[in-house]
Amino acid sequence: TIGASIGISLYPQNGLNASELMQQADSAMYAAKRNGKNQAMYFTPDLGTLVRERLNLENQLREALTRGDIHAHYQPEFDAVSGRLVRFEALARWTHPTLGVICPDRFIPVAEETGLIASLGAYILELACTEALKWNAISPYPVQVAVNVSSIQFGRDTYVEEVIQTLNRTGLRPDLLQLELTESVMIDGIHRSGETMRRLKGLGITLAIDDFGTGYSCLSYLPTLPFDMLKIDRSFVKECHLRPERRMLVQSLISLSHNMGLRVIVEGVENEQQLDLITDLKGNEIQGYLLGRPIPDPVSKVLSLCQNER
Ligand code: C2E
Ligand code: CA
Ligand code: CA
């Protein structure tokens, strides 16, 4: 499916020459994309401010990457039945020298729009593999690391090679790595994405589909792709213990996944009621603030988390 995002600028209100007009139209186009794509937007003066902010963020992000101001926090994920720690998910953090911590929801989209995501993603993968090696050296059983992959990074011809090189360089066993992909990886066509996924799986890496149900969920592709797990987005979990229709949705998603042979991770579990409900509904793994927030030093926590039991 081909869509279009259109930005419109008007002469003479928005600019007096071609380059100014094109620049404003470009900002309006990015605004249309941010607004959910597939639409046309007119340039307005506050978009100009946004663009300057974005440019600023882009330059600063470039600097941050070279200066090492980007790092990862790690959030634990547990087996729903035994309560055992199964993996940590690496989540990118940017500590800005004056602005403090900037959350990924602000800088990942900028990184994606500017192509910086390739180096950012590679950097996080390297950090995560190195860290996982450290916690596996002391944990009583293998504990995986999960790394988020942007569809732009995943679509690069060299992606699989990059992953292989990182595994070789760090020495992490491939089965200790889980990659989290979103539905937007299908943008390159199901055949090509499937091929890349099969190569990754062939190495022993496990694959999870992230944020399921929030994009343009096209159910027909799911069974044809070699996913191991499906991660139910926290937006579904939010009120699942309060609203019967939410509960039904989660229940259906879990049985759908199980019927396709996928294990289910439920993210965003914040209270006991949600935890009990998800366990009743046979969700396989749990992530959320109730059981553990993202932390900068997983190695210091891994031993006590491995002793967790329900
Ligand atoms: P995500 O992959 O869905 O990651 C889970 C997000 O939910 C994280 O936010 C986590 O801190 C938050 N979270 C976990 N448990 C709870 C909970 O119980 N309640 C609530 N309210 N939130 C919870 P974070 O760290 O801000 O990351 C946001 C998004 O940024 C991630 O969503 C992911 O899509 C993206 N992201 C983060 N790191 C990377 C990365 O290295 N590469 C790429 N491509 N994307 C990343
Ligand atoms: Ca994720
Ligand atoms: Ca999610």
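## Asn148 and Asp210

In this predicted model, Asn148 is partly exposed, with a relative accessible area of 32%. Asp210, by contrast, has a relative accessibility of 6% and counts as buried, because buried means under 20% relative accessible area.

## The calcium site

Asn148 and Asp210 both serve as donors to the calcium ion (ligand 2). Asn148 contributes its OD1 atom and Asp210 an OD atom, while Glu89 and Glu180 each coordinate through OE. These contacts lie at 2.1 to 2.3 Å. Along the chain, the donors follow the spacing E-x58-N-x31-E-x29-D. The pair of Asn148 and Asp210 links distant parts of the chain: Asn148 belongs to strand β6 (residues 144-148) and Asp210 to strand β8 (residues 206-212), 62 residues apart.

A further calcium ion (ligand 3) is found 5.2 Å from the calcium ion (ligand 2).

## From strand β8 to strand β10

Strand β8, which holds Asp210, pairs with β9 in the parallel sense over three bridges. Phe212 stands opposite Ile232 of β9. On to the next strand, β9 runs parallel to strand β10 (residues 263-266), and four bridges join them. Here Ile232 stands opposite Val266 in β10. Ile232 thus faces Phe212 in one pairing and Val266 in the other.

## Side chains of strand β9

In a regular strand the side chains alternate between the two faces of the sheet. Strand β9 (residues 229-232) shows Met229 and Lys231 pointing one way, and Leu230 and Ile232 pointing the other way. All of these residues are buried, Lys231 included.

Definitions and conventions:
Residues numbered from 1 in each chain as written. Chains lettered and ligands numbered in written order. Predicted model: local features only at pLDDT ≥ 70, side-chain atom pairs only at ≥ 80, totals over all residues. Heavy atoms only, no water. Donors = N, O, S within 2.8 Å, 3.2 Å for Na, K, Ca; no water. Helix = DSSP H or I, 4+ residues; strand = E, 2+ residues; numbered from the N terminus. Buried < 20%, exposed > 50% of the residue type's maximum accessible area, 1.4 Å probe, protein only. Pairing = 2+ DSSP bridges.
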